[in-house]
Structures are given as structure tokens and as C-alpha cells.
Amino acid sequence: MQIADMLPPEAHRPVFSYLSPQHDFGPSFNLASWMLDRHVAGDRAEHPALIHYDGDGRATAVSYAALQQRVGRIAAALKSLGVMAGDRVLIGSREHPDTVAATLATFSVGAVAVPCSTLARAKEI
């Protein structure tokens, strides 16, 4: 299956627009919210937010709404572990939708996501 076959016709237009230097990020700006909430609140909730290919080349689309739900669950878990704004969260995972969700969840609680290769050894971290 081709990526284009998984997308509705209106999804072939670019969604991400470059933010001009004049954009006011401000102290309350949250990248996870900006990347997901506006699409879920609009008309793109069921559109693919990302497409993942497994080891056999099978494609799985994850909608904005589904990704937002994953992010919410992971963010709740991070909060329950005591992760707060400004904390660093090491994310060592393979390329997978849950890696994206963990990164966005880290951003959503105000923490700093620190990506790490799954090949890294403890002494290298």
C-alpha cells in the first residue's frame, strides 16, 4: 500500500506551515498542544498524523486523535512519576509511533525530551 492511498484527497495539501519569526511563542506555548490540539479541534482529527512502517514494510496510519490519546496517557504516567516542567526525560526507543507520543507527552508536561539511541550503552549515557 502506498502512502497516498492511505490519505484522503484533502490531505495532500501541506499541513505544517513555517512559523514566521514574528510568531509569539510566549511562556505558555506548548509544542505538543500546537502540533495536535488544533488538528483534533479542527477538521483533521481522523487524518493521519503519522504513518509507520513495520519491519515487513506494512504501513499503519495513526490519526491526530489517536496520537493525542496516546500522548495524554503517557503524559499522565509521567506526571504520576513526578515528572515536572524543566525535568529531563530520556527517551530510548526505536522508530515507532509510541516514541513520537512519548516525546510529545514529555513536551506536554513541560519537560525536556532527551532522545537516545537504543544502541547506546549505560556508560555512554
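## Salt bridges and helix packing

Asp54 and Arg58 are joined by a salt bridge in which the closest N and O atoms are 2.9 Å apart. The structure discussed here is a predicted model, and a search of the whole of it finds three salt bridges, which are listed below.

| Salt bridge | N to O distance |
|---|---|
| Asp54 and Arg58 | 2.9 Å |
| Asp56 and Arg58 | 3.2 Å |
| Arg70 and Asp98 | 3.1 Å |

Asp54, Asp56 and Arg58 are linked with one another in a network of salt bridges. Within this network, Asp54 has a relative accessible area of 26% and is therefore partly exposed, whereas Arg58, at 52% relative accessibility, counts as exposed, and Asp56 is likewise exposed.

The side chains of Arg70 and Asp98 also meet in a salt bridge, with 3.1 Å from N to O. This pair links distant parts of the chain, since Arg70 belongs to helix 3 and Asp98 to helix 4, 28 residues apart. Arg70 is partly exposed, with a relative accessible area of 24%, and Asp98 is partly exposed as well, with a value of 37%.

The two helices that carry this pair, helix 3 (residues 64-80) and helix 4 (residues 97-108), have axes that come within 8 Å and cross at roughly 55°, so that the helices are oblique to each other. Helix 3 passes helix 4 in a right-handed crossing. On the side of helix 3 the contact is made by Leu67, Arg70, Val71, Ile74, Ala75 and Leu78, while helix 4 contributes Pro97, Asp98, Val100, Ala101, Ala102, Leu104, Ala105, Thr106 and Ser108. The residues of this contact divide into 11 nonpolar, two polar and two charged.

Helix 3 also packs with helix 2 (residues 31-41), the axes coming within 9 Å and crossing at roughly 130°, which makes helix 2 oblique to helix 3. Here the crossing is left-handed. Met35, Leu36, Asp37, His39 and Val40 of helix 2 meet Tyr64, Ala65, Leu67, Gln68 and Val71 of helix 3, and the residues of this contact divide into seven nonpolar, two polar and one charged.

A further point concerns Ala61, which lies in strand 2 (residues 59-63) and, at 36% relative accessibility, counts as partly exposed. The C-alpha atoms of Ala61 and Pro97 are separated by 9.3 Å, although these residues are 36 residues apart along the chain; Pro97 is also one of the helix 4 residues in the contact with helix 3.

How values were computed:
Residues numbered from 1 in each chain as written. Predicted model: local features only at pLDDT ≥ 70, side-chain atom pairs only at ≥ 80, totals over all residues. Heavy atoms only, no water. Buried < 20%, exposed > 50% of the residue type's maximum accessible area, 1.4 Å probe, protein only. Axes fitted to C-alpha atoms, helices over the stretch in contact; angles between N-to-C directions. Parallel < 35°, antiparallel > 145°, perpendicular 65-115°, else oblique. Left-handed = near helix turned anticlockwise from the far one by under 90°. Contact = heavy atoms within 4.5 Å. Nonpolar A, V, L, I, M, F, W, Y, C, P; charged D, E, K, R; others polar. Salt bridge = Lys/Arg side-chain N within 4 Å of Asp/Glu carboxyl O.
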